[in-house]
Number of protein chains: 2
Amino acid sequence: MDNRSIGVFDSGLGGLTTVKELKELLPHEDIVYFGDTSRVPYGSRSRDTIIKYAKQDIRFLTGHNVKMIIIACGTVSSVLPEEVAGSFGIPIIRVLNPAAQAACAVNRDGAIGVIGTQATVRSGAYGKAIRSIKPTARVIGKACPLFVPLVENGFLGPDNQVTRLVAEGYLNDIKKENIDTVIMGCTHYPLLYDVISDILGSEITLIDAGRETAHFAAATLKSMGLMNEDTARAGRAEYYVSDRIDDFSEIAARFLGSSIKGDVSTIDIEAY
Amino acid sequence: MDNRSIGVFDSGLGGLTTVKELKELLPHEDIVYFGDTSRVPYGSRSRDTIIKYAKQDIRFLTGHNVKMIIIACGTVSSVLPEEVAGSFGIPIIRVLNPAAQAACAVNRDGAIGVIGTQATVRSGAYGKAIRSIKPTARVIGKACPLFVPLVENGFLGPDNQVTRLVAEGYLNDIKKENIDTVIMGCTHYPLLYDVISDILGSEITLIDAGRETAHFAAATLKSMGLMNEDTARAGRAEYYVSDRIDDFSEIAARFLGSSIKGDVSTIDIEAY
């Protein structure tokens, strides 16, 4: 047993969709969340810059004495080398492998589509992770760079014409490839679930990388005996961001699916 | 006469639309351009963060011994306090005042609309600049946060359905306000000129803040006797960015209206 917090970080607030899943699965665990709102988005940046930013994010969380870190950012999960993630002395879980595993479990004869940021798709990391489990799998990556700004600007809901047009443009491209499984490789995308699943149709299984990762993290804590023993109380959450944002509570609630309970502080991430 | 370069910076590559105008107006001047591609966009960030980033951008350019700096970023132009801009010992020109001046010159009885990023509109800086010239002017600000990602992802051209839908959503709001003039307060927006002017209609005059600023900068250099005396040769340009971007030449050419001629280097802006 280990009563320390779980650290979770993302380039911005999208990772709160993973926190939402964690809270349901592990209601007694404390969570420290960091969203790098002064440097979001990561997905269009270069590999070197993403690695530099990710190291600072991890150092910030290890400074909070967390027992595990979840990289809720699809971009960092795809780009950060294993030896870097392995050098911090605590389990660092990325959204990549749990999502790849879930995709391989449901995948039939068709290809596996991976939608994510430009950096995620360019890295080819999902392809490697999937083929390490299922060597014959065919993987089709498709960058959807407008999905993040659409979500952040509230262009949500199945009836949003703009989001539907953009999504059709991206998804019709990969539908042609005889896919039967699609990984949503970015934590913003679950907010577009209705539109994406509607366009892809019921024959294609959608995998939510953040949700799979929350399940994997819960299983890891249990198997390593690292659960919080104090099950009489509800877990607490602390939120840190690198830029004050005026409408933090409103945007965060959109991702969390409920209103924010817990302190929100702004920190200088460049100092880490 | 002064043969040093003109410094120009923007949060990203949108400021190249201003460089394009400068090259036409001042073909013998050398230009040093900095685009903060590792931290773009600025428009959704807080005032403090924008000021911190802007100071680093200015220090980078003053380190290149420039004779003048043009802030080609609508967000920084709106947010940076005058006393900060005035503390560097060289003229620092922002897109704000030339655009306000041009808008007041063409404005008739209707209101003046200002479209820009969230930070630009929230700052109220255009309203202040306009009313200092024309105290009775009515100013209507409208943040258009999706315009920048649309431009950066190549959703251009008058026939682009997505861009048209988004633009109608933003612009129909301000059309109701009996406007006769609209300032495009962000250097990305000239690439959407066709769509914006089509939706606003021929009765509304569109002001390109970057173009007005290039004219103002040229006039300032002339009036201060700071022109480059070597008129036998074409001006050179150096380009600096804070993140390597794979398709720099292609994206830059979109803004410049011609292919990039000159060196492109990546620098660490956090060190300034």
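Trainee: Leaving aside its neighbours within four places in sequence, which residues is Asp57(A) in contact with?

Mentor: In this predicted model, Asp57(A) touches Phe9(A), Phe34(A), Asp36(A), Arg39(A), Tyr42(A) and Ile269(A). Asp57(A) itself sits in helix H2, residues 47–62 of chain A.

Trainee: What makes Asp57(A) count as buried or exposed?

Mentor: Look at the relative accessible area. Buried means under 20%, and Asp57(A) has 0%, so Asp57(A) is buried.

Trainee: How do you know which residues share a network of salt bridges with Asp57(A)?

Mentor: Each link has to pass the salt-bridge test, a Lys or Arg side-chain nitrogen within 4 Å of an Asp or Glu carboxyl oxygen. The network holds Asp36(A), Arg39(A), Lys52(A), Asp57(A), Asp268(B) and Glu270(B).

Trainee: Why is the pair Lys52(A) and Glu270(B) called a salt bridge?

Mentor: Their closest N and O atoms are 3.4 Å apart, and the cut-off is 4 Å, so the pair passes. Lys52(A) lies in helix H2 of chain A and Glu270(B) in the segment after strand E10 (264–266) of chain B, so this pair joins two chains.

Trainee: Are those two residues buried, exposed or partly exposed, and what makes them so?

Mentor: They get separate labels. Glu270(B), at 18%, is buried, because the limit for that word is under 20%. Lys52(A) has 31% relative accessibility, so Lys52(A) counts as partly exposed.

Trainee: Which residue of chain A does Lys52(B) form a salt bridge with?

Mentor: That would be Glu270(A), with the closest N and O atoms 3.4 Å apart. The rule finds 6 salt bridges across the interface of chain B and chain A, and 16 residue pairs there are in polar contact.

Trainee: What makes up the side of chain B that touches chain A?

Mentor: Those residues divide into 12 nonpolar, 9 polar and 10 charged. Helices H2, H6, H8 and H9 of chain B each supply at least two residues to that side. In the contact count, 31 residues of chain B meet 31 residues of chain A. The two chains bury about 2,300 Å² between them, with 47% of it on carbon and sulfur atoms.

Trainee: What makes the salt bridge of Lys67(B) and Glu29(B) tie together separate parts of chain B?

Mentor: Check the distance to begin with: the closest N and O atoms are 2.6 Å apart, and the cut-off is 4 Å, so it counts. Lys67(B) lies in the loop between H2 and strand E3, while Glu29(B) lies in the loop between helix H1 and strand E2, so the pair ties together parts 38 residues apart in sequence. Lys67(B) is buried at 1%, and Glu29(B) is buried at 4%.

Trainee: How do you know that Asp36(B) and Arg39(B) form a salt bridge?

Mentor: Same recipe! Their closest N and O atoms are 2.8 Å apart, and 4 Å is the limit, so they qualify. Both residues are buried. Over all chains, the search finds 30 salt bridges.

Trainee: How many disulfides does the search of the whole structure find?

Mentor: It finds 0 over all chains.

Trainee: Why is there no bond between Cys144(A) and its closest cysteine sulfur?

Mentor: That closest sulfur is in Cys186(A), 9.2 Å away. A disulfide needs the sulfurs within 2.5 Å, so this pair is too far for a bond. In chain B, the sulfur of Cys144(B) is also 9.2 Å from its closest cysteine sulfur, in Cys186(B), too far as well. Cys144(A) counts as buried at 1%, and Cys144(B) counts as buried at 1% too.

Methods
Residues numbered from 1 in each chain as written. Chains lettered and ligands numbered in written order. Predicted model: local features only at pLDDT ≥ 70, side-chain atom pairs only at ≥ 80, totals over all residues. Heavy atoms only, no water. Buried < 20%, exposed > 50% of the residue type's maximum accessible area, 1.4 Å probe, protein only. Contact = heavy atoms within 4.5 Å. Buried area = accessible area lost by both parts, 1.4 Å probe. Polar contact = N/O pair within 3.5 Å; in protein donor to acceptor, adjacent residues only side chain to side chain. Helix = DSSP H or I, 4+ residues; strand = E, 2+ residues; numbered from the N terminus. Nonpolar A, V, L, I, M, F, W, Y, C, P; charged D, E, K, R; others polar.
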